[in-house]
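Biologist: Please put the model on screen. I would like to go through it in questions and answers.

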Amino acid sequence: MTVFRWLCALPVDRGEMFTVFTMRRMLGLHFGSHFLGARSCSSYVSKMRYLMRLKEDDKACQEALHSGTILLYHKLAPLLRKTETGAYELPVFQAPDVSGILDKLGKDKELLNNSVLIGCSDTHVAQFSLDVGAVEQAAAEGLCGGVFVDLRKAFFLLQNSDVPLVTQGQALLRWHQTHGYCSATGRPTHSNQAGSQRVCHSSGIIYYPQMAPVVIVLVSDGKRCLLARQSTFPRGMYSALSGFCDMGETVQETLRREVAEEVGLELDSVLYSRSQHWPLPQSSLMIGCHGTVTSGNTQISLRGSELEDARWFTLHEIQEALKRKIPARDKKEGPSAFWVPPSYAIANQLIQEWAGQQLKL
Ligand SMILES: NC(=O)c1ccc[n+]([C@@H]2O[C@H](COP(=O)([O-])OP(=O)(O)OC[C@H]3O[C@@H](n4cnc5c(N)ncnc54)[C@H](O)[C@@H]3O)[C@@H](O)[C@H]2O)c1
Ligand SMILES: [Mg+2]
């Protein structure tokens, strides 16, 4: 029995997620390599301390904005630029470039101060994102030398390594755009320079950017895995089961409930795999797990209108789907050939991980 199978054998009700976390770290599996990364610890610590200072000190953050880099968005669509090779990249600007563009478009340069902090380079060059939705889109595209692309489409165009920063930037901008007023007093809220919080001066309430916890689980019966589609998914696309955590639930309880609600199956065991921030439609923290059902408990029953279809897929079908161009455009296979979410999506990573483990059995 492989390590994977052995871990999967932890029963849902007794094997607390925490136990699984700890075991995976002890065994040096995926979680460990994500967590430790390749960079030296001191450079990481100094970066994190620098970012902390920028969040706490408006003056330092404003100075960092003037020497930092900025990603641009228009009504939450990131700016992409096509390179000579036909690939897309994320152009970065500096404060004087953005001031110049705003000036040429007849807008107040003060708009630059709406930039929000999203990170910094190893050499402490701060990174910001700014929505220039107040200016005319085509004119801004002309001056910036790129196109503003819907984020869903950008997932298919960008390198995977560019995606986390662009999604983080968009999510933070969206949060500011939808939290301009205090829900207790109805008065305007005010952001700090970094954009890491908003405060209502009237009530003193401080608001922090939020993510909703969501579980995503790839269910397996040992030989096949279960994927489902909502009617709003692009044609032919199937994904792992997912669902928002209800107030008061543990991750395990949500996993068990969502699988029972959506496909009428009872999970036998679960294994934490990885997590991911997902910006659509609003920020979620996706908690990715593998789940198993016993071989006598595989009869799918859909409930309500949330899922249009759910099916068991063999390893061979999954391997074909992972190879398929997405969205599936192969003329021979037709537009509705089965495909899975893009490689950046956690659903894809769980599917790949499952396929890799099946091959080792
Ligand atoms: N990155 C990925 O690979 C991936 C894959 C699948 C789903 N997702 C994301 O996971 C999220 C949840 O998936 P789902 O649609 O299956 O969830 P779900 O099964 O909980 O169903 C969604 C419904 O739950 C209700 N709901 C309860 N709490 C909610 C909240 N806090 N916000 C919004 N709706 C809430 C709403 O009625 C909504 O229509 C979606 O935002 C989706 O984009 C990401
Ligand atoms: Mg769901």
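Biologist: Which residues of helix 6 are buried?

Modeller: This is a predicted model, in which local features need pLDDT of at least 70, side-chain atom pairs count only at pLDDT 80 or more, and totals for chains, interfaces and linings use all residues. Residues are numbered from 1 along each chain as its sequence is written, while chains are lettered from A and ligands numbered from 1 in the order in which they are written. Helices (H or I, at least four residues) and strands (E, at least two) are DSSP runs numbered from the N terminus, and a residue is buried if 20 or more other C-beta atoms lie within 10 Å of its own, exposed if 12 or fewer, and partly exposed in between, with C-beta atoms placed from the backbone. In helix 6 (residues 95-104), the buried residues are Ala 95, Val 98, Ile 101 and Leu 102.

Biologist: Within what arc do the buried residues of helix 6 fall?

Modeller: The arc is that of the directions from the helix axis to the C-beta atoms. An α-helix has 3.6 residues a turn, so residues three or four places apart point the same way. The buried residues of helix 6 line one face of the helix, because, seen down its axis, they fall within an arc of 125°.

Biologist: Which residues on the other side of helix 6 are exposed?

Modeller: The buried residues pack against helix 5 (58-67), strand 1 (69-74), strand 4 (93-94), strand 6 (126-131) and helix 7 (137-144); here two residues are in contact if their C-beta atoms, placed from the backbone, lie within 7 Å. On the other side of helix 6, the exposed residues are Pro 96 and Asp 103.

Biologist: Phe 128 lies in strand 6; how many other C-beta atoms lie within 10 Å of Phe 128?

Modeller: Leaving out residues up to four places away in sequence, Phe 128 touches Leu 65, Gly 68, Ile 70, Ser 115, Val 116, Leu 117 and Ile 118. The C-alpha atoms of Phe 128 and Thr 69 are separated by 6.2 Å, with the two residues 59 apart along the chain. Phe 128 is buried, and the number of other C-beta atoms within 10 Å is 28.

Biologist: How many bridges join strand 11 to strand 15?

Modeller: Two strands pair if DSSP finds at least two bridges between them. Strand 11 runs antiparallel to strand 13, with four bridges, and Val 217 has Leu 241 as its bridge partner in strand 13. Strand 11 and strand 15 run parallel, and Pro 213 has Leu 285 as its bridge partner in strand 15. The bridges joining strand 11 to strand 15 number nine.

Biologist: Which residue in the turn between strand 11 and strand 12 has a positive phi?

Modeller: Strand 11 pairs with strand 12 (residues 225-229) in the antiparallel sense over two bridges. Ser 220 has Cys 225 as its bridge partner in strand 12. The two strands form a hairpin with four residues between them, and the turn residue with a positive phi, about 105°, is Gly 222.

Biologist: Which residues come nearest to ligand 1?

Modeller: A residue is near a molecule if its C-beta atom, placed from the backbone, lies within 6 Å of it. Around ligand 1 there are 18 residues, and those that come nearest are Ser 242, Gly 243, Phe 244, Ala 345 and Ala 347.
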